[in-house]
Amino acid sequence: MMMKYYRFIIALLIAGTSYGQQPVEISVKNTTMAATDSLMPFWLAANRDGEILSATSWLNFTGLFVGQSYAFPEKSGSGAGLGFDYTWGVHALAGLGETNYYQLNRAFGGLTWNDWELMGGLFYEPEQLAGLSTTNGNLAGSRNARPHPRLRIGTRGYKPLPFIKNRVRFRAEYEEGLLNDNRFVDRARLHRKSFYLQVHLSPSWDLEGGLEHFVMWGGVSPMEAIGRLPSGFKAYLHYITGSSGDESFPHTDRLNVAGNQLGTYQFRATKRFSAMEAVFYLSHPFEDLSGMNWRNWPDNLIGVHVSFNNKQLFVTDVLYEYTGTRQQSIRGEWDRQEPDSYFNNGVYRSGFTYNGRIMGSPLFFPVVVQEGISLGIGSNMVVAHHLGMKGALWGHLHWKGLLTRVSHEGRYFARYESTRHQLSGYLEVQYARPGLPLELGLATAADAGNDSGRNLGVQLIVSRRF
C-alpha cells in the first residue's frame, strides 16, 4: 500500500515537471524602519503577514525566500487548466531592534490537478483589490497575522458548474489548521471552509456571493471547569456543522453552538468598461446564528475599487471602504440582549488572534496581551472610513497611499468613557526597473489620535530577486 502511495507522489512530481515548472526563485529583502513613539505607526505594521514587530521604535529585519511558483499563468477568477503542477517555498526572517526575533513565515508545498489544489504548511492568502483594502476585502480574512500551519483542499479560482456552459461557476475550500502559538486554550484547532458562486451576466458584468466559515475547536483550557475540550469525530461533526454541543461540551456550547464559530457573507459585483473596471463588495460578519440570520444587518464592510487599464497613469487604482460594527445583533424588540462581540469568545479567550495579532481586520484593536498571552480584542465596536490609491509617477517609479480614520467605542459591556479616534496615513514610493539588480522602496507613515497621540515613522526597503 505504501509503495503505491510513493509511486503516486513520484508520478505527480514528474507530471508537474513535464508541464513546464518555473525556475527556482530566490529573493532577499532588507527593511529598516524607525518611529518617534514606542510603537510603529499603524500602516507600517498592519497587514504585513505578521512580519513586523510593532512594539518597537526602530527595527531592521531581513527576509530570505526560496521557492518555485506554478508554471501556468495566473488568471483572475479562473482556474489554471488541465494537468499536474506543483509549488513550494520557504521564507525566513531575522529582525534586529530593541527586541531581536527570528521566525519562519512561510514553509509550504502545493499540488494542482484540473483546477483543484492541495496546499499544506505556512502560506499567504492571495492579495486582493490591488493591496489597498484594510482587510483584503474580507472582515475575517486579512493578511495581518502570520500564517498558521494548515492543510487545505479546494479549487484554484472558479470552476464551471456542469451543464451550465460557464454562466455559473463555483469555488470552494476546506481547511484544517493548528493554532500553535502561546494562547489561552493551548493547541486549539482552526477549521475554515468557504463556498462561492459567480454568475456571468454578460461580457461586462459578474456577480459573486459566498460564505466563509471559521470554527475554533479542541485544545486544552487552563480553567478547571473546562479542561480538555472535545475533539473526537462525533464532536468534530458538531463543530463543522455549526451545531450546539452535547453533554461533553462546556455549558455555553450547549446553549449556543460548539466551539468559537464566526465568519462572513461575501458579495461582489464587477463591471468592466473600455478603460477601467469597477468592483463593489460587501463583507458581513457573523459570530453565531444571530449573525447568520442577519439580525446584525447594519454591521458590514462596504467598499468600491476602481482600476484603470492603463498602468502608466498617475492614478491607476482607487479604493474606498466603510467599516461599521457597532450594532452586534442588539435590537430593542429582541428579548436576547447578548452582543456578538466580534472576534472574542468566552471559552477561547485569545479570540480570533494568532501570535498576538488579529487574523481579521486590523481595524479591530488593540489586542489585549497579558504575560505573553492574547486575551482577545479590546475594541470591536468600530466605525472607519478608508481611502487607498496607487499609480505611476514616471517610468519605473510607482507610489501608493493609504488614509484611514477609525473610531473605537470599546466592547458592548466594556465601553470606553469617550470614543477614541485615530487618523492613520501611509505614503510609499517604489522603484523597480528590469535589469537593475536592486528594487528600492521608501515610505512614511503617521498616526494622530485623541488617545494615542501623534506618531511618525519612516521605512526603507532594499530587495533583490535572483
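In this tour, Ala, Val, Leu, Ile, Met, Phe, Trp, Tyr, Cys and Pro count as nonpolar, Asp, Glu, Lys and Arg as charged, and the others, Gly among them, as polar. The structure in the viewer is a predicted model.

**First stop: the second largest cavity**

Select L139, A140, G263, T264, P285, F286, E287, Y342 and F343, which line the second largest cavity. By class, this lining comprises six nonpolar residues, two polar and one charged. The volume enclosed is about 30 Å³. Colour strand 11 (260–272) and strand 12 (276–286) next, as each of them supplies at least two residues of this lining.

**Second stop: the largest cavity**

The structure holds two cavities of 30 Å³ or more, and the largest has a volume of about 240 Å³. Which of its 20 lining residues are the closest to its centre? Select E125, S142, H148, R150 and M359 to display them. The whole lining divides into nine nonpolar, four polar and seven charged residues.

Keep R150 selected and add F123: R150 lies over the face of F123, at 4.0 Å from the ring centre. Then move to L151, which belongs to strand 6 (residues 150–155). Leaving aside neighbours within four places in sequence, L151 is in contact with L118, M119, G120, Y174, E175 and E176. To gauge distance across the model, select L151 together with H396: their C-alpha atoms are 38 Å apart, and 245 residues separate them in sequence.

A further arginine may be examined here. The charged end of R171 sits over the ring of Y196, 3.9 Å from its centre.

**Third stop: helix 3**

Select residues 233–240, which form helix 3; its buried residues are A235, Y236, H238, Y239 and I240. What covers these buried residues? The covering elements include strand 8 (168–179), strand 9 (188–202), strand 10 (205–217) and strand 11. Strand 11 was also part of the first stop, where it supplies at least two residues of the lining of the second largest cavity. Past the end of helix 3, select G242, whose phi is positive, near 70 degrees.

**Fourth stop: the second largest pocket**

The second largest pocket has a volume of about 1200 Å³. Of its 42 lining residues, L39, S54, G356, R357 and V367 are the closest to its centre. Helix 2, strand 4 (101–113), strand 16, strand 17, strand 21 (414–431) and strand 23 (453–465) each supply at least two residues of the lining. Strand 21 gives the most, with four residues. Classified by residue type, the lining has 19 nonpolar, 15 polar and eight charged residues.

Centre the view on S54, in the loop between helix 2 (42–45) and strand 2 (58–68). Is S54 buried or partly exposed? S54 is partly exposed, because its relative accessible area is 25%, and buried would require a value under 20%. Apart from residues up to four places away in sequence, S54 touches S38, L39, M40, A45 and R357. Add N345 to the selection: its C-alpha atom is separated from that of S54 by 25 Å, and the two residues are 291 apart along the chain.

**Fifth stop: aromatic pairs**

The structure holds 16 aromatic pairs. Select F42 and F365: their ring centres are 5.7 Å apart and their planes meet at 40 degrees, so the pair is tilted. F42 lies in helix 2 and F365 in the loop between strand 16 (357–358) and strand 17 (367–370), so the pair ties together parts that are 323 residues apart in sequence. F42 counts as buried, at 13% relative accessibility.

Stay with F365 and add P366, which lies in the same loop between strand 16 and strand 17. The peptide bond from F365 to P366 is cis, with omega near 0 degrees.

Next, select F214, F343, F352 and F364, which ring pairs link into a cluster. F343 also lines the second largest cavity.

**Last stop: positive phi outside glycine**

Two residues complete the tour. D115, in the loop between strand 4 and strand 5 (116–122), has a positive phi of about 70 degrees although it is not a glycine. D115 counts as buried, at 12% relative accessibility. N355, in the loop between strand 15 (353–354) and strand 16, is likewise not a glycine and has a positive phi of about 55 degrees. At 36% relative accessibility, N355 counts as partly exposed.

Conventions:
Residues numbered from 1 in each chain as written. Predicted model: local features only at pLDDT ≥ 70, side-chain atom pairs only at ≥ 80, totals over all residues. Heavy atoms only, no water. Buried < 20%, exposed > 50% of the residue type's maximum accessible area, 1.4 Å probe, protein only. Contact = heavy atoms within 4.5 Å. 1 Å grid on protein atoms, 1.4 Å probe; cavity = no way out; pocket = protein on both sides within 12 Å on 5 of 7 lines; lining within 4 Å. Points joined across faces, edges and corners; volume = space filled by probe spheres on them. Phe/Tyr/Trp six-rings, centres within 6.5 Å; stacked < 30°, edge-to-face > 60°. Lys NZ or Arg CZ within 6 Å of the ring centre and 35° of its normal.
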